[in-house]
Structures are given as C-alpha cells and as structure tokens.
Amino acid sequence: MKNKSNRFLKDLPLRVISLVIATVLWLLVNNINDPIKTWNVPNVPVKLQHTSLITDRGEVYSVLDNTDVVPTVTIRAHRSIIDSLQKDDIYAVADVENLTSLNTVEIQYYSAKYNNEIEEFDGSIKNVKLSIEKKQTKSFALSCVTSGTVAQGYELGTVVPEQNQVRVSGPESVVGSIARATATVDISGATASISTYQDIRLQDADGNDIDTSNLTMNITSVKVNVNILPVKTVPVTVEPSGDPEEGYLANGVVTVDPETVQIEGKSSVLEKIDSIVIPSEEADITGLTRSLQETVNIRDYLPEGTAFADSSFDGTVNITIGIEQAQDVTVEVSTDSISLNNVPAGFRAQILSVSDGGRTTGSSGDSAVFDLVFRGLSADIDSIKVSDLAPAADLQIAAQKGGSAAGTYTVPVTVTVPANVTLLNEVTANVRITEQNALSGDTEAGGTDED
C-alpha cells in the first residue's frame, strides 16, 4: 500500500504536466477550429426604459444628436456564436432610472441568444443624451390654403376644413414656437369642387416648418372641402324713375362704375343671368335740378345662388344719372309748308288760317307764318331743322263724309319732333274744303266748322 502511495506522489508532477499540456492542446485545437471573431452591427436602435419617470412629472423628453441609434455595435465572440446570431438578436437599452445630472443615460448592450458567451460588447456611443423640459399643450386655429390656379373660366370659392382646430402637446420650447397650423390643397387646373384629406403643417412665425417628431397632435390630417365654381362677367344696369323739376330734363347719361362684375355659381344658374339690375327706386330723379350721384351696394341684388367671384369686392357701385336744365326754342314755319293729307276725292282744300296758341295767322295775311315752340336739351334743340319738321294736317274727318265733305274744318297740325324734344304748343289749321267744279266765290256746302 505504501509503495502505491509513494508511486502516486512520485508521478503527480507528471500527471499535472500532462493535464496542462492536454488543456493547452484542447485550447489550441479549439481556437484553431472556432476562433474569436469580431462582428460590427450597424444602426442598432436604443430602447428607453422607465420613461414614465419623466412624463409623470409633467415633463417631456427628446433625444439629442440622434443618440437613440448606435451607429456601430462591435461584438467579439467565437465564430460559432457569431455565425448563429442575426442583427435582430442585438439590442441596446438605456434605463431612465440611471439618468445623470447631465440628462444622459448609459447604454447597455445585450444579445437575445448566447449573451453569456459573448466576450465583449462595444458601442460607438456610450450614452443617450436627452433634453428634458416642461410639457405644454396648446390649441391652434387650423387654416386652409391653396396652391396653384384653377382652370380659366373658373374661380376659387370657399375653402373649409371639417375641423378648425388642432391640439398640440410637447416640449414647451417647441410648442411655444408654433405660430400657425395649415393644410394646403393643390387646385391647379381644377374645374370642379375638391374634397380631400391633407396633412397638417405646423410653422413658426417665419413660415418655417416645425419638426413634429417630438410632438403629439390630436389630428395629423384634415378633410378640406374646396368649392370651385364657374365664373361669368355680367353688366350692371339701372333705369331712372321719376321726372326732374319742371324745366329740367334727364340728359340720357346713365353710368354705373364698375360697368361689369364677375359672379360665380353653378352653370345651370349662371346661364340664365344676363345682368344685375339695380331697381329703379335706387335711381329716382323726381324733382331734381342736378345730376343724381349715388353709391349702391348691389350685393342684395345678386341673383339667388350666385356670389361675387372676387372675394375682395364689397358690392359697392357708383351710379350717375345726368340732369340738365331744359332749353326752349321758337321756330317760325310758313303756312305754305303744311301738307294737307286725305283730301276727299273730287274736292280741294285751302288753309284759311293757322292758330299756334298765341296768334292766328291768315294765309293771305302780311305774315303767313306760325310758331312751333320746342323744349329739350341744348344739344337736341340745336339739331332742329325746319326742313325736317314736315308739318301736316290730316283731313280724314272730311274724307269720311264722302260727297258731303264740303265745309270748313279745324284740324290739328302735326310735326316730326326730333328725339328727346317736346313740342310745347298746339297748332291747328282752319281748312276749307270745296268741290273741285265749284266756281270761285260760290256758296259752300255746309258752312259750319267741325272738329
């Protein structure tokens, strides 16, 4: 027994050396067959844990410098381990419980598989950098704007969002920089109304877009209804009513400024509209002695279903009705120029005298003329020509008596009155009708005046 124990003790160094050699040989073989390998994993996202520790204080956080994504994570492990891993097995975690006074959180790296067999993790960044500030919530009026131009012959009408406010929450510094919330609709070439959903853009006072990645919005898009309507240009008309003061006349000058307006509406409505008519009561010239100048708002006179195409036009137009003092003129006309019409067959007619309301002129008197008194505007009065007056006496009353037409008749004398001129006096002619075969001086048949 003693000899065996001595022999074991005597062989112990050899046994230890053999074990060491065997271990070294195993390591050498293993390293040759399964060496340590390095693997670079790109763009590994960092998961933040326990962020409620910030939000429960009424604060919000944002990641600075994109430190929530690690550009490169380097892993050292045996080749067999690395070959069995995929990118999705590697993850990074930053626990907010470990938040430092500098608002940084250390990043820890893990593998979903063989985590304990990985020799080393090394990330190109070590910490997530946070910006932490007070949370602010604010509501903004939502305005809708358009870009582009509608097709020719059409006009942009109303632009109405189905919601008119957006509520934004986030870092106080970001929310405080928001000046407006807008949604933009492209109307280029549009010929019909548009209904579409558009993203909401937040902008600062200079019109720059604000990054919304760290903001919470109750809505991020809104439905916008854009009304596109046909346009028609129509004249604005007005007719004067009433008469000016005695001795004054409307001179025919009627102006409306602007003369035309553009209106929009459905095609079926516009095709029935030729003008916008200002009621005559808006142009009442009764008793006036000078031109009427009025400002009228024609918005109330727009046909139903239409509106002004130009939203900046308030509907105000200026109307002018010209009034001038009337001019009177007396024109002397020879009795010889009076035409006798409808003389009965077999009879002859002779003017005995002419009465012009002021005097009675005999055809055989010293002055065989009568007066015509006209009233009108100076320009119209000046255009009167005696040769154009064509005075005439109609003897139809005598012609209707046939063979018993002989006698003396008083009939009105008519003249061709120029446009816009009024004849003020009545002129009558005393006419004798005799048979053509009666001798001069013979007694007349009848002998009584008839009207």
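This briefing covers one three-stranded sheet and the aromatic pairs of the structure. The model is predicted, so local features need pLDDT of at least 70 and side-chain atom pairs count only at pLDDT 80 or more, while totals for chains, interfaces and linings use all residues. Residues are numbered from 1 along each chain as its sequence is written, and side-chain values use heavy atoms, with hydrogens and water left out.

**The sheet**

- An open sheet is formed by 3 strands in the order S21-S25-S28, with antiparallel pairing; strands are DSSP runs of E with at least two residues, numbered from the N terminus, and two of them pair if DSSP finds at least two bridges between them.
- Strand S21 (327-334) and strand S28 (421-423) each have a single partner strand, so one side of each is left without a neighbour in the sheet.
- Neighbouring strands of this sheet are turned by 35° against each other on average, direction ignored, with axes taken as lines fitted to C-alpha atoms.
- Strand S25 (residues 369-376) pairs with S28 over 3 bridges in the antiparallel sense, and Gly376 stands opposite Val421 in S28.

**The aromatic pairs**

- The structure holds 2 aromatic pairs, defined by ring centres within 6.5 Å, with planes under 30 degrees apart counted as stacked, over 60 as edge-to-face and the rest as tilted.
- Tyr91 and Tyr110 are stacked, at 5.8 Å centre to centre and 25° between the planes, and this pair links strand S4 (residues 90-95) with strand S5 (residues 104-111).
- Phe308 and Phe313 form an edge-to-face pair, at 4.8 Å centre to centre and 80° between the planes.

**Accessibility of the paired rings**

- Tyr91, at 38% relative accessible area, and Tyr110, at 34%, are partly exposed, a class between buried (under 20%) and exposed (over 50%), using a 1.4 Å probe and protein chains only.
- Phe308 is buried at 7% relative accessibility, and Phe313 is buried at 19%.

Definitions and conventions:
Helix = DSSP H or I, 4+ residues; strand = E, 2+ residues; numbered from the N terminus. Axes fitted to C-alpha atoms, helices over the stretch in contact; angles between N-to-C directions. Phe/Tyr/Trp six-rings, centres within 6.5 Å; stacked < 30°, edge-to-face > 60°.
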